[in-house]
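Biologist: I would like to learn how to read a model like this one step by step, starting with the fold and ending with the empty space inside it. Could you take me through it?

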Amino acid sequence: MNWTLILGALGCLAACFAAASTGAIFKPGAWYAGLRKPSWNPPNWLFPIAWSLLYLMIAAAGWLVWREDGIRLPILVWAVQLVLNAGWSAVFFGLRRLGWAVVEAAALWLSILACILLFAPISATAAWLMVPYLAWVSFAVFLSYTMWRLNPGPHPRMRREEAGTLTQRAQM
């Protein structure tokens, strides 16, 4: 049994879990429920299912590339896309900055495309594992843009009570 490979896989899963955790910290809540949404907005129950599958594929892709190429540019770009992924929830749900969330999602989209292009020569499987993620984020960019256009104007930032609750959750 190769413990280095096992630890690498666990590290990739942990990195994806860390990115996913922002979804638990910055929850949609009543503010999101009150936003106008397009008729084609997916039901809320779909998001955790889709993201769980995507995070598993992202972790597997990262592990395949790390296993073949080590910590070099492709894995660094993979890490950047995870940071951008985590940042979207903070910008959209935390800061409630819909326009900035569109910009952030577009940057995420570009970083995923960069991963696919960098992964392809190393592992075709890893590159293909990232394609559903790119498709989902393509949809998310358009959804974010549409919601921004449907809900113009300033959006109230988090109330102190909400921020305090988030701080308490983060410290647990």
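Biologist: How many helices and how many strands does the chain have?

Modeller: In this predicted model, the chain has seven helices and zero strands, and the order of elements from the N terminus is accordingly written α-α-α-α-α-α-α.

Biologist: Among contacts between residues at least 6 apart in sequence, what percentage joins residues at least 24 apart?

Modeller: For this chain the value is 80%. On the side of burial, 39% of the 172 residues count as buried, while the chain exposes about 9700 Å², of which carbon and sulfur atoms supply 71%.

Biologist: Which single residue could serve as an example of burial, and what is it in contact with?

Modeller: Take S144, which lies in helix α6; S144 counts as buried because its relative accessible area is 3%, below the cut-off of 20%. Once its neighbours within four places in sequence are left aside, S144 is in contact with W88 and V102.

Biologist: Let me turn to the cysteines: how many disulfides does the count come to?

Modeller: The rule asks for two cysteine sulfur atoms within 2.5 Å, and by this rule the count comes to zero disulfides. For C16, the closest cysteine sulfur is that of C12, and since the two sulfurs are 7.0 Å apart, they are too far for a bond.

Biologist: Are C16 and C115 buried or exposed?

Modeller: C16 counts as buried, because its relative accessibility is 1%, and C115 counts as buried as well, because its relative accessibility is 0%.

Biologist: How does one look for empty space, and what is the volume of the largest pocket here?

Modeller: The general idea is that a probe the size of a water molecule, rolled over the atoms, shows where empty space is left. In this model the largest pocket has a volume of about 800 Å³. Its lining consists of 30 residues, and those closest to the centre of the pocket are G23, F47, W51, S89 and F93.

Biologist: Which elements give two or more residues to that lining?

Modeller: They are α1 (3–25), α3 (46–69), α4 (73–94), α5 (98–119) and α6 (124–150). The largest share, seven residues, comes from α1.

Biologist: How do the lining residues divide into nonpolar, polar and charged?

Modeller: The lining of the largest pocket has 23 nonpolar residues and seven polar ones, with no charged residues.

How values were computed:
Residues are numbered from 1 along each chain as its sequence is written. This is a predicted model: local features need pLDDT of at least 70, side-chain atom pairs count only at pLDDT 80 or more; totals for chains, interfaces and linings use all residues. Side-chain values use heavy atoms; hydrogens and water are left out. On a 1 Å grid over the protein atoms alone, a cavity is a set of points where a 1.4 Å probe fits but cannot get out, and a pocket is an open set with protein on both sides within 12 Å along at least five of seven lines; lining residues have an atom within 4 Å of a point. Grid points are joined across faces, edges and corners, and a volume is the space filled by probe spheres set on the points. Helices (H or I, at least four residues) and strands (E, at least two) are DSSP runs, numbered from the N terminus. Ala, Val, Leu, Ile, Met, Phe, Trp, Tyr, Cys and Pro count as nonpolar, Asp, Glu, Lys and Arg as charged, and the others, Gly among them, as polar. Buried means under 20% relative accessible area, exposed over 50%, partly exposed in between (1.4 Å probe, protein chains only). Contact means heavy atoms within 4.5 Å. Accessible areas come from the Shrake-Rupley method with a 1.4 Å probe; for residues, only the protein chains shown count as cover.
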